[in-house]
Amino acid sequence: MLLSNRAVFASSDLDEVRGEVAKVFCPHRLDLAGDADLLSARFNSVQFGSVRVSYLDYGADVHIEPGDLDTFFLVMIPLAGRSLIRAGGEEIVSTPSLASLPSPTRHLDMRWAAGCPQLLVKFERTAIERALEQLLGERLGDPIVFGLGMDLTMGWTRSWRDLADLLVREAERDDGLSGHPLAIAHLENALITLLLTMQPSNYRDRLTAPGPPALPKVVRRAMEFIEGHAHLPLTTADVAGAVAVSSRSLQEGFRAHLGLTPMAHLRRVRLERVHDELRTADPARATVTTVAARWGFLHQGRFAAQYRERYGQPPSETLRRGSASGG
């Protein structure tokens with residue numbers, strides 16, 4: 001069972017189950033659709049910034065009708081079994097290889113079969129819409145509506161699921177992400193940006209159409225902004241806003257003039273900051289893991305490979321040598 005250290009409740013009382021789930025999500029209809037004796041609900045949940053990850057299992061066959069979600073988007077991933085999901089005019093049978101992504105403005109009606117625990121990833125609607133506006137560089141005319149089915153066998157969705165699983169693993173650790181706002185912001189931004197640019201929606205064509213790249217002088221200002229604010233939980237949208245262009249224009253400008261993305265440049269700057277800290281740190285008081293995490297690097301294997309490629313030695317060697325040479 002996922003997130004067992006983040007338990008919200010466990011109950012076989014239908015009214016209690018309905019009420020407790022509603023506190024985290026929204027008021028909804030919840031009815032038993034099969035053997036009432038099977039109801040044995042478990043709900044575990046944790047919030048990271050504007051993203052919440054949860055584990056929910058009813059145990060029994062249930063009919064759930066939230067109606068319009070209104071204030072949030074919800075990715076629902078069955079860990080086993082299947083569920084029938086209807087939203088607006090779409091209907092899918094969701095399985096471990098086909099997640100569902102109902103949009104806030106589409107009436108939602110669901111039937112979860114017994115033996116269908118789900119991993120739920122909830123995004124505040126305001127966070128999704130703000131990210132979309134920043135990518136487009138303009139206010140939204142219509143609400144965003146995603147395609148209901150999210151095929152988890154595709155390359156980008158496997159990457160997306162890996163990020164969601166990373167959030168879960170960190171939540172299951174006592175010394176996980178909660179103390180590392182840079183890493184949380186990075187994961188939030190990656191999860192939201194992947195959804196906006198890759199999942200079918202009424203805005204995806206506009207998001208993926210090539211646009212005019214930012215001018216070199218704008219890219220230089222963006223680089224200066226990144227270097228001066230690398231200690232903050234920056235997103236591409238934050239940088240674009242600071243230099244008064246759209247996120248898409250900034251992305252195109254960085255690719256055209258530097259051959260990388262704004263976030264890749266940010267990671268490069270943060271890698272330099274890690275290197276600087278390790279050179280002057282006391283090995284008796286600091287570790288590579290804590291210094292790297294403070295600068296947003298959570299995946300230690302990937303971080304070590306990037307560091308070795310950039311500096312020609314493992315980060316532990318920098319820490320050791322820096323101390324031996326007196327900084």
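**A tour of the enclosed space and the two cysteines**

Begin with the lining of the largest cavity, whose residues divide into 15 nonpolar, 1 polar and no charged (Ala, Val, Leu, Ile, Met, Phe, Trp, Tyr, Cys and Pro count as nonpolar, Asp, Glu, Lys and Arg as charged, and the others, Gly among them, as polar). The model is predicted, with local features requiring pLDDT of at least 70 and side-chain atom pairs pLDDT 80 or more, while totals for chains, interfaces and linings use all residues. Residues are numbered from 1 along each chain as its sequence is written, and side-chain values use heavy atoms, without hydrogens and water.

Next, select Val21, Phe25, Pro66, Leu74 and Met110, which lie nearest the centre of this cavity among its 16 lining residues. A cavity is a set of points on a 1 Å grid over the protein atoms alone where a 1.4 Å probe fits but cannot get out, and lining residues have an atom within 4 Å of a point. The count is 1 cavity of 30 Å³ or more, and the largest holds about 140 Å³ of space, a volume being the space filled by probe spheres set on the points, which are joined across faces, edges and corners.

Now display strands S5 (62-67), S6 (72-78) and S10 (108-112); each supplies at least two residues of that lining. Strands are DSSP runs (E, at least two residues), numbered from the N terminus.

Finally, turn to the cysteines. The structure holds 0 disulfides (pairs of cysteine sulfur atoms within 2.5 Å). Cys26 is in no disulfide, as the nearest cysteine sulfur, that of Cys116, is 18 Å away. Cys26 counts as buried at 10% relative accessibility (buried means under 20% relative accessible area, with a 1.4 Å probe and protein chains only). Select Cys116 last: at 2% relative accessibility, Cys116 also counts as buried.

Notes
1 Å grid on protein atoms, 1.4 Å probe; cavity = no way out; pocket = protein on both sides within 12 Å on 5 of 7 lines; lining within 4 Å. Helix = DSSP H or I, 4+ residues; strand = E, 2+ residues; numbered from the N terminus. Buried < 20%, exposed > 50% of the residue type's maximum accessible area, 1.4 Å probe, protein only.
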